[in-house]
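Trainee: I am new to this structure and would like to learn how its descriptions are justified. Could we go through them one at a time?

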Amino acid sequence: MGFGDLKSPTGLQVLNDYLADKSYIEGLPGVKKALDKYGPADVEDTTGSGATDSKDDDGIDLFGSDYEEEKLREERLAQYESKKAKKPALVAKSSILLDVKPWDDETDMAQLEECVRSIQADGLVWGSSKLVPCVVEDDKVGTDMLEEQITAFEDYVQSMDVAAFNKI
């Protein structure tokens with residue numbers, strides 16, 4: 001009983017004939033049998049006969065060794081990592097247009113501008129005093145920090161809004 005050697009054309013033909021009128025090999029899940037117990041009863045089992053194929057014993061590795069493939073892979077990963085380390089990191093920047101509202105029309109706008117421009121931070125570059133965006137580095141300067149510091153000039157600033165926020 002069995003299908004025979006499934007590596008041979010004869011064994012494959014026996015398996016194909018067996019499955020011609022069945023959709024599976026065994027119908028009881030979880031019950032394991034020896035390999036030679038599956039298949040039709042009138043086929044001699046040649047899988048355990050000890051016959052070896054002379055083609056497998058020639059000692060030639062047609063696909064290369066796993067060691068060589070792993071070594072090549074490691075070399076390529078090391079080259080990639082060294083290229084990646086040399087590449088400069090991209091600094092995320094944003095252009096922010098702030099709408100700073102004075103208390104009234106009698107507020108000294110020059111003094112208001114001077115107060116706002118006195119705010120210094122690493123990564124903050126002020127634009128001109130008209131409605132022009134200032135540029136900030138996202139990792140260093142946040143809009144909350146700017147709003148808090150600008151609205152701290154209570155004598156001049158009523159409120160502040162972010163009119164536009166664009167990633168550069």
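Mentor: In this predicted model, the protein chain exposes about 13100 Å², of which carbon and sulfur atoms supply 52%.

Trainee: How many of the residues count as buried, and what makes a residue buried?

Mentor: A residue is called buried when its relative accessible area is under 20%, and residues of that kind make up 18% of the 168 residues in the protein chain.

Trainee: Which residues of helix α1 are buried, and how do you know on which side of α1 they lie?

Mentor: In helix α1, which spans residues 9-18, the buried residues are Gly11, Val14, Leu15 and Tyr18. They cover an arc of only 95° around the axis, and therefore they sit on the same side of α1. As a general point, an α-helix has 3.6 residues a turn, so residues three or four places apart point the same way.

Trainee: What makes strand β1 and strand β3 a pair?

Mentor: Two strands pair if DSSP finds at least two bridges between them; strand β1 (residues 93-102) and strand β3 (residues 134-137) are joined by 4 bridges and run antiparallel, so they meet that condition. One of the bridge partners is Val135 in β3, which is matched with Ser95.

Trainee: Why is strand β2 also called a partner of β3?

Mentor: Strand β2 (residues 124-125) and β3 have 2 bridges in the antiparallel sense, and because at least two are required, they count as a pair. Here Leu124 has Val136 of β3 as its bridge partner.

Definitions and conventions:
Residues are numbered from 1 along each chain as its sequence is written. This is a predicted model: local features need pLDDT of at least 70, side-chain atom pairs count only at pLDDT 80 or more; totals for chains, interfaces and linings use all residues. Side-chain values use heavy atoms; hydrogens and water are left out. Buried means under 20% relative accessible area, exposed over 50%, partly exposed in between (1.4 Å probe, protein chains only). The arc is that of the directions from the helix axis to the C-beta atoms. Accessible areas come from the Shrake-Rupley method with a 1.4 Å probe; for residues, only the protein chains shown count as cover.
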